[in-house]
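Please open the model in your viewer and keep the selection panel at hand. The tour proceeds from one selection to the next, with a short account at each stop.

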Amino acid sequence: MDGVATETKFHVLAVDDSIIDRMLIERLLKTSSYQVTVVDSGVKALEFLGLLDDDNGSIDSTSNSTMRNHHEVQVNLIITDYSMPGITGYDLLRKIKESTSLKNIPVVIMSSENVPSRINNCLEKGAEEFFLKPVQKSDVNKLRSHLLRAMA
């Protein structure tokens, strides 16, 4: 790997309840030289991001225990499935955009269902992109511009 690729190794948090979709998105992202963390639920994503207090499940951006859980890793982009049990991708998007410390992280929503009202709602709430599954290499190529804009 050349020096340029290691300097710009962006960290992507991928959230999907489907193991097949998680494996696909992880492979696509790693092929594009992204560092990837995958979780299988919105709750685990919130825990990883430090937005969930371990004791009572409330949102808490300063919880020490959750800060240790994610080893203070900087996440540069979140890509999440829309339809998941419990906390949906839409709910996750809302919680991230409501967080003072995480609101500038780009969020991309994925779904196997092409529902225009759902897509519009996500984009209005701050999603950078809405990808239809299965996610393609061309979709992943669109992520770099969002990452670079967020880093500026």
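Which handedness does the β-α-β unit made by β3, α5 and β4 have? Select these three elements in this predicted model: the unit they make is right-handed.

**Strand β4 and its partners**

Keep β4 selected and add β3. The two strands run parallel and are joined by four bridges. Next, add β5, residues 129-132. This strand also pairs with β4 in the parallel sense, again over four bridges. To locate the register between them, highlight V108, which stands opposite E129 in β5. Adding α6 completes another right-handed β-α-β unit, made by β4, α6 and β5.

Now display the side chains of β4. V107, I109 and S111 point one way from the strand, while V108 and M110 point the other way. Five of the five residues of β4 are buried.

**D81**

Move to D81, which lies in strand β3, residues 77-81. Across from D81, in β4, stands M110. Is D81 buried or exposed? Its relative accessibility is 5%, and D81 therefore counts as buried, the cut-off being under 20%. The UniProt record, an unreviewed entry, lists D81 for "modified residue: 4-aspartylphosphate". Select the surroundings of D81 next: beyond its neighbours within four places in sequence, D81 is in contact with V15, D16, D17, G89, M110, S111 and K133.

**D16**

From that set, select D16, in the loop between β1 and α2. D16 is buried, with a relative accessible area of 0%. Its side chain reaches the backbone nitrogen of S18 at 2.9 Å. Then draw a C-alpha to C-alpha distance from D16 to T80: these residues are 64 apart in sequence and 6.0 Å apart in space. Not counting residues up to four places away in sequence, D16 touches D21, R22, V39, D40, D81, M84, M110 and K133.

**V15 and the nonpolar cores**

Step back to V15. Apart from neighbours within four places in sequence, its contacts include V39, A45, I78, I79, T80, D81, M84, L92 and M110. V15 is also among the residues with the most contacts inside the largest nonpolar core, together with L13, L49, I78, I109 and C122. That core has 26 residues. To see where they come from, colour β1 (11-15), α3 (42-49), α5 (89-98), β4 (107-111) and α6 (116-124), each of which supplies at least two residues of the core. In soluble globular proteins, nonpolar side chains tend to be buried together.

A second, separate core has 17 residues. Select A14, V36, F131 and V135, which are included in this second core.

**H146**

For the last stop, select helix α8, residues 143-151, and within it H146. What does H146 touch, not counting residues up to four places away in sequence? The residues to display are L77, P106, E128 and E129. H146 is buried, with a relative accessible area of 7%. Finally, show the side chain of R149: a polar contact of 2.7 Å joins the side chains of H146 and R149.

Notes. Residues are numbered from 1 along each chain as its sequence is written. This is a predicted model: local features need pLDDT of at least 70, side-chain atom pairs count only at pLDDT 80 or more; totals for chains, interfaces and linings use all residues. Side-chain values use heavy atoms; hydrogens and water are left out. A nonpolar core is a set of buried Ala, Val, Leu, Ile, Met, Phe, Trp, Tyr and Cys residues joined through side-chain atoms within 4.5 Å. Buried means under 20% relative accessible area, exposed over 50%, partly exposed in between (1.4 Å probe, protein chains only). Contact means heavy atoms within 4.5 Å. A polar contact is a pair of N or O atoms within 3.5 Å; within protein, one must be able to donate a hydrogen and the other to accept it, and residues adjacent in sequence count only if both atoms are side-chain atoms. UniProt positions are given in the numbering used here, feature names are shortened, and annotations may be inferred rather than shown by experiment. Two strands pair if DSSP finds at least two bridges between them. A crossover is right-handed if, with the strands pointing away from the viewer, the path from the first strand over the helix to the second runs clockwise.
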